[in-house]
Each structure stands twice: as structure tokens, then as C-alpha cells.
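Here are my notes on the model you sent, set out as numbered points. Please read them alongside the sequence and the coordinates.

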Amino acid sequence: MATCGSDDDVPPLLSDDSECEVDDDDDGWDDVEDEEMNVLVGDVVCLFCSRVMGSVDLLLKHLREDHCFDLVAICWKYSVDSIDYIRLINYIRKQKPSPEDVAEGFKCGGVLWSSDEYMKTEDSSDLMLLFDIESAQTVDPQSPDMSDVSESEVIAALTQRLRKADEAQTILKTELERAVGDIERLRLSGQQFVMRMNTKDSAGDERDNSKSADHSNSHLQEEDGYFASYTHHDIHLTMLKDKVRTESYRDFMLCNPNLFAGRTVLDVGCGTGILSMFAVRAGASRVVAVDQSNIIYQAMDIARENNLHEKITFVKGKLEDVSLPVEKFDIIISEWMGYFLLFEAMLDSVLWARDRYLAPGGCAYPDHFSMMLVGVDDPEMRRAKLDFWDDVYGFKMSCMKSSVLDEVYVKQVKGSAIVTDPALIKDIDVMTCKVSELDFAADFSLRCVKDATVTAVVGYFITDFAAGCQKKISFSTGPEVTPTHWEQAVMLLPKPVPVTAGSCVDGRITYRKHPHDSRGILISLTVGKQTMKYNLS
């Protein structure tokens with residue numbers, strides 16, 4: 001708290017007629033007064049002769065009257081900024097040109113003094129370098145000093161000044177964006193620090209795990225393409241807008257509170273944390289959410305915004321490498337499914353979590369999947385993908401068809417194009433299956449429901465939440481039901497197969513991970529006498 005001193009401590013007020021003694025040696029007084037009046041006082045040598053003037057203003061007047069050179073007006077005319085002005089003055093001091101040479105130099109765009117060598121000043125006390133040329137450029141085009149400037153030149157000068165102002169604004173915008181980026185990185189660093197502290201506190205110990213330490217400090221390191229893709233908000237927006245997907249998870253948890261009440265839950269690949277929040281709402285006592293993507297920092301904010309942060313602990317990093325604050329979990333939840341189910345190979349991590357973290361009697365959800373095939377008759381899709389290459393603006397490009405046929409197309413197939421019953425090719429029980437079983441081969445038979453031509457075989461999957469559920473929840477990603485963001489995996493046949501109602505199209509499919517792409521899938525498909533190889537990547 002401030003205190004007031006005695007009257008003796010307070011200096012007396014001076015009235016208008018008070019006399020104040022000032023030391024003659026106080027050299028700074030005149031300088032301050034001159035600066036307030038925007039006048040630079042002191043000896044300054046003329047730019048074009050040896051005369052010495054007593055101030056910059058007097059020198060500018062001398063230049064106008066004796067050298068016919070209006071420095072302020074010409075700088076205004078050619079939109080000279082402070083940097084160009086410094087180069088100009090240093091150029092004149094070093095090269096000693098005539099006023100006419102300088103005027104010609106302006107007409108040539110100032111190239112004579114554009115070099116950075118003229119940023120170096122030989123005499124730092126030169127008052128001309130201290131002169132604020134930009135503030136001085138308030139020249140009235142109607143003044144006598146501008147009488148020789150045409151209207152078009154004035155317009156050109158103003159346009160040039162506007163252009164420079166736009167350039168300056170762009171530079172400032174770039175710097176602002178860079179500053180915002182720096183602030184965001186600092187914010188993420190702070191969030192990670194809080195997250196690490198929360199993890200340590202909730203664990204009740206200080207774990208010295210070198211792998212965990214490496215990953216807890218790695219959020220500013222470059223992520224690989226896969227996890228970097230999940231940093232983008234559009235991916236999460238697409239998944240959250242998929243009502244079939246999101247509402248199925250929600251209904252499974254909220255309609256089966258017997259599974260979640262008072263239980264611990266591990267959310268593998270938590271993304272925005274929506275499943276973790278559903279679990280808390282269903283009664284979970286504690287949720288640990290793990291994700292390697294930077295989206296986890298937004299998930300932390302989302303949990304705090306919904307006042308759920310005390311029950312959800314977020315851990316950033318690869319699940320197989322990080323240390324978790326809970327030794328065993330009652331439930332594992334994850335939305336790991338990729339195109340045609342196993343693309344992206346994230347089920348591997350869920351199975352690893354099952355073996356490492358699931359408590360006896362616990363369960364991982366969804367717990368059951370069915371992989372299906374169905375035959376479709378879609379000549380429009382075939383024309384768009386294959387027949388297109390027969391005539392491309394009058395040229396044949398049929399050689400492109402072989403590479404087109406190698407690809408699995410992920411798209412939404414029309415339900416009306418289905419011409420066979422579905423065939424099951426693989427059942428996956430998440431509680432018992434092994435990673436090695438995710439490479440498989442299966443025979444299938446597609447029973448035709450109408451006379452048609454099978455142009456493609458389409459793969460999809462069905463998801464079940466079943467084990468221990470009071471209310472079982474299922475959803476399909478097939479073409480005959482409400483579309484999902486997974487769509488279907490379309491394998492075009494080189495030769496369409498004509499079929500009749502009641503007949504069967506027999507075949508065999510081999511499904512395995514890509515040897516050079518850990519998240520890709522290689523498929524070999526035999527239909528009748530045709531055998532094709534497809535790549536899903």
C-alpha cells in the first residue's frame with residue numbers, strides 16, 4: 001500500500017509567473033523541445049554541396065531553393081519508405097551525384113541505391129538519416145512544390161503507396177499467423193505438461209520408463225503420414241457425422257449401464273474423445289484415453305468443456321509404448337475399423353491391449369465382426385471406371401485398364417445394384433482371435449436373386465456389440481442399408497459374369513496384409529475362371 005509523505009516531501013507547484021532556474025549546461029532541454037516540434041537541430045551538410053545548415057528543415061529549404069530539389073515531394077511522388085530513404089541518403093553521401101542524377105534515378109525505379117550496401121552508414125550522426133521521411137510525406141498535391149506534378153503522376157503515386165501498404169499488410173498478416181502458430185505450439189506444450197502431471201498424479205507414483213519419457217516429449221516431432229492424417233479435423237467431422245457409427249456406440253453404452261457402472265475403461269485411439277465421454281455418461285468410474293495423433297489435445301479441451309476431465313485421463317503416444325496409470329481395465333472400447341474392416345491394421349493394437357490390459361472377466365467392444373461379400377450389377381460404374389479408357393477425347397488408352405482393375409474402389413454402391421445374397425467370408429471374435437488369423441482365405445458362393453450381369457464383387461462388414469449386453473447393438477456397412485463413412489470395397493471384374501435367378505457364383509478370396517504397407521491389404525479373388533489381384537491402400 002502506498003503512503004503519503006509530509007508536506008516537505010511534495011515539490012511546490014509552479015504558477016504561470018513562477019521563475020525556474022535552469023542550468024546552462026542542460027544540453028538535453030533544447031533537443032527534447034525540438035523533437036516535440038519534429039525539428040532536427042544541428043549541423044547538417046547539404047546533399048549536393050559543401051554548405052552546412054543549422055537544421056534538417058533549413059537544409060530541405062536550401063535543397064528546394066538552391067538546387068531545385070524537393071526531397072520530401074519527390075519521395076512522396078515515388079512512395080519512398082524509410083528503408084528506401086536510408087539507402088538513398090547513403091547513396092548520395094557516398095557517390096555524390098547531382099540533383100539531376102538522383103531525379104533520373106527515381107525515374108528508373110531507384111535501382112541506383114537499391115543495393116543493400118547502402119544500408120551501411122558511414123556517419124551515424126548524420127541528421128538526414130534521422131529524418132522521418134514517411135511522416136513528412138503529407139505533401140499537398142496543390143502546393144507550389146508539387147505544381148510540376150501532373151494529375152496522372154499523383155494518381156500513380158497514390159496507387160504505388162496503396163500497393164506498398166497492401167504489401168506491408170500481407171507481411172504483417174504472415175507475421176501474425178506465425179505468432180499465432182507459436183502460441184498454439186506453446187499451448188500444446190502446456191497441455192502435454194498438464195497431461196503428464198495428471199497421469200503421474202493418478203498413478204500415485206513416479207514411473208521411470210524411458211519409452212514413456214521419449215513419447216511424452218515427442219508431440220512436436222514429425223508424425224508419420226497415418227497419424228498425421230488423424231490430426232485433421234475433417235476426418236473426425238466425417239466420423240462424428242456418421243450417425244450409424246456414432247449412435248451405435250452411444251446406444252451400446254447408454255443402453256447397457258450394467259457393463260459400465262463403476263468400471264474402468266480403456267479407449268484405444270480416442271480421437272476427439274466421444275467414446276470416452278459416452279462411457280463416463282454410462283457410469284464408468286474412470287476412463288483412460290490413448291491416441292498418437294495431436295487430436296488428443298483437442299480431446300482434452302473437449303472433456304474439460306463438458307466438465308468430464310476429472311474422470312478421463314488422456315495419454316498421447318503409441319499404445320504399445322506408453323505407460324498407463326491403470327494396470328488393468330474392465331472394458332476396452334475402440335472404433336478401429338477401416339475400409340473392408342481390416343484396412344489400417346488398427347485391430348492389431350486392440351488385440352495387444354486386450355492381452356496386456358484387460359482384466360479377467362472383462363471384454364473388448366465391439367466384440368464380434370462379420371466380413372461379407374455380395375455381387376452387384378452396376379454398368380454405370382463399370383463405364384465410368386473401365387470403358388472410359390476406350391475412347392478418351394478420340395484416343396485409345398485401354399492400357400490403363402489393367403492398373404484400374406488392380407485397385408479396390410471405396411465407394412457407396414446403390415442398393416438397387418445388388419443381384420446376389422450376401423456370403424460370409426470371415427467371422428472375427430475380438431476376445432479370442434489372434435493377429436495371425438487376420439490373414440485368411442475363404443471359399444464363398446453367391447446365390448443370385450435375379451437375372452443379371454455381375455460386374456463387381458463388393459466387400460463390407462457387420463459390427464456387433466453382444467457379449468454381456470442387456471441390449472445388443474449391431475450395424476452393417478453394406479450397400480442395402482443406411483450409408484456409413486466406410487462405404488464398400490468394390491472389386492471390378494475384368495469380364496462381367498451373366499447370371500440367372502437361383503444360380504450361384506462360386507469363388508475364393510485370399511485376404512492378407514500388404515508386405516510393404518503395414519496398413520494396406522492385398523486381395524486375391526477368383527470368380528469362375530477369372531482370378532484377379534487387388535490392392536487396398
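1. In which helix is Arg 281 found? In this predicted model, Arg 281 is found in helix α14, which covers residues 274-281. With a relative accessibility of 65%, Arg 281 counts as exposed, because the cut-off for that class is over 50%. Pro 257 lies 24 residues away from Arg 281 along the chain, and the C-alpha atoms of the two residues are separated by 9.1 Å.

2. On confidence, the protein chain averages a pLDDT of 83, and 76% of the residues score at least 70. Two stretches deserve separate mention. Over residues 1-38 the pLDDT stays under 50, and the model has three contacts beyond four places in sequence for this stretch. Over residues 199-230 the pLDDT is also below 50, although here the model shows 52 contacts beyond near neighbours in sequence.

3. As for the chain overall, the protein chain contains 18 helices and 17 strands, and buried residues make up 44% of its 537 residues. Among the contacts with a separation of 6 or more, 73% are between residues 24 or more positions apart. The accessible surface of the protein chain comes to about 29,200 Å², and carbon and sulfur atoms account for 52% of that area.

4. Helix α4 can be checked against its expected length. Its 14 residues, 82-95, should span 20 Å at 1.5 Å a residue, and because the end C-alpha atoms are 20 Å apart, the model agrees with that expectation.

5. The two ends of α4 can be described in turn. At its start, a side-chain oxygen of Asp 81 reaches to within 3.2 Å of the backbone nitrogen of Ile 83, whereas just after the helix Lys 96 takes a positive phi of about 50°.

6. Which elements do the buried residues of α4 pack against? The buried residues of this helix are Tyr 85, Arg 87, Leu 88, Ile 89, Asn 90, Tyr 91 and Ile 92, a list that includes Arg 87 and Asn 90 alongside Leu 88 and Ile 89. They pack against α3 (71-77), α5 (99-107), α6 (127-130) and α7 (133-136).

7. Finally, on annotation, an unreviewed UniProt entry carries the label "domain: C2H2-type" for residues 46-67. In the model, the chain over residues 46-67 is 55% helix and 18% strand, and the end C-alpha atoms of this stretch are 10 Å apart.

Terms used:
Residues numbered from 1 in each chain as written. Predicted model: local features only at pLDDT ≥ 70, side-chain atom pairs only at ≥ 80, totals over all residues. Heavy atoms only, no water. Helix = DSSP H or I, 4+ residues; strand = E, 2+ residues; numbered from the N terminus. Expected span 1.5 Å × (residues − 1). Buried < 20%, exposed > 50% of the residue type's maximum accessible area, 1.4 Å probe, protein only. Contact = heavy atoms within 4.5 Å. Polar contact = N/O pair within 3.5 Å; in protein donor to acceptor, adjacent residues only side chain to side chain. UniProt positions renumbered as here; feature names shortened; annotations may be inferred. Areas by Shrake-Rupley, 256 points an atom, 1.4 Å probe, with all protein chains shown as cover. pLDDT = per-residue confidence, 0-100.
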